Amino acid sequence: YDLRGQSYAHRELGELALERGDYEQAVIEHSESLRLRNILGDRRGEAISTYYLAYAYQCLGRRQAARDLYESALNISQDLKDMRNIARLNLRIGELDYENGDLESAVGHWDNAVSLFDSLGVAEKEATIAREHLRERK
């Protein structure tokens, strides 16, 4: 069995489920991807799968589960010095903070996300979202 390929397939199926709004299916697919990444000992893949699983929970309104998973992914990404994923995670944690009424913390996370995206020189969708959040709420 090609566990890496299976994990990737589950992640892709999870992303498709997210795109079509089938968040329960996204949780199933990303959970399986994460399980396989754990077996493989693939920390970078674990962080990415955890990010997507957290996002699926966020879309379901399960904020605490999402927050716990985002924090786990952030810890792994910091260990790996994966600045792009750290930026993405700051964006999502800021969204959760905003949803929970903590504007100050949200703005801090979005500022971090924008700074990291700018330092990386990337023009990702998430960078644009972080900038829009800041513009609308500062």
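User: Where is the place of Lys81?
Analyst: Lys81 is not given to a helix here, a helix being a DSSP run of H or I with at least four residues, numbered from the N terminus. This is a predicted model, in which local features need pLDDT of at least 70, side-chain atom pairs count only at pLDDT 80 or more, and totals for chains, interfaces and linings use all residues. Residues are numbered from 1 along each chain as its sequence is written, and side-chain values use heavy atoms, with hydrogens and water left out. The place of Lys81 is in the loop between α4 (63-80) and α5.

User: Is Lys81 buried or exposed?
Analyst: Phi of Lys81 is near 55°, a positive value in a residue other than glycine. Buried means under 20% relative accessible area, exposed over 50%, and partly exposed in between, with a 1.4 Å probe and protein chains only. The relative accessible area of Lys81 is 65%, so Lys81 is exposed.

User: Which residue just after α2 takes a positive phi?
Analyst: Helix α2 has 18 residues and reaches 25 Å from its first C-alpha to its last. That is close to the 26 Å expected at 1.5 Å a residue, the expected span being 1.5 Å times one less than the number of residues. Just after α2, a positive phi of about 70° is taken by Gly41.

User: What does the cover of the buried residues of α2 include?
Analyst: The buried residues of α2 are Ala26, Val27, Glu29, His30, Ser33, Leu34, Leu36 and Arg37. Packing is judged by contact, that is, heavy atoms within 4.5 Å. What covers these residues includes α1 and α3.

User: How many of the 17 residues of α3 are buried?
Analyst: At 1.5 Å a residue, α3 should span 24 Å, and its end C-alpha atoms are 24 Å apart, which agrees. The buried residues of α3 pack against α1, α2 (23-40), α4, α5 and α7. Helix α3 is mostly covered, and the number of its buried residues is 12.

User: How far apart in space are Ala56 and Val27, C-alpha to C-alpha?
Analyst: Ala56 is found in helix α3 and is buried, with a relative accessible area of 0%. Leaving aside neighbours within four places in sequence, Ala56 is in contact with Leu18, Tyr23, Ala26 and Val27. Ala56 and Val27 are 29 residues apart in sequence, and their C-alpha separation is 5.9 Å.

User: Which residues does Leu69 touch, not counting residues up to four places away in sequence?
Analyst: Leu69 is in helix α4 and is buried, with a relative accessible area of 18%. Its C-alpha atom is separated by 9.9 Å from that of Ser49, 20 residues apart along the chain. The residues that Leu69 touches are Thr50, Leu53, Ala54 and Tyr57.

User: Within what arc do the buried residues of α7 fall?
Analyst: The buried residues of α7 are Glu126, Ala127, Ala130, His133 and Leu134. They line one face of the helix because, seen down the axis of α7, they fall within a single arc, taken from the directions from the helix axis to the C-beta atoms. On the other side of α7, Lys125, Arg135 and Glu136 are exposed. The arc of the buried residues is 125°.

User: Against which helices do the buried residues of α7 pack?
Analyst: The 13 residues of α7 should span 18 Å at 1.5 Å a residue, and the end C-alpha atoms are 19 Å apart, which agrees. The buried residues of α7 pack against α3, α5 and α6 (103-120).

User: What is the volume of the largest pocket?
Analyst: On a 1 Å grid over the protein atoms alone, a pocket is an open set of points where a 1.4 Å probe fits, with protein on both sides within 12 Å along at least five of seven lines. Grid points are joined across faces, edges and corners, and a volume is the space filled by probe spheres set on the points. For the largest pocket the volume is about 270 Å³.

User: Which helix gives the most to the lining of the largest pocket?
Analyst: Lining residues have an atom within 4 Å of a point, and those of the largest pocket include Glu15, Tyr51, Arg88 and Lys125. Helices α1 (3-19), α3 (43-59), α5 (83-99) and α7 (125-137) each supply at least two residues. The most, four residues, comes from α3.
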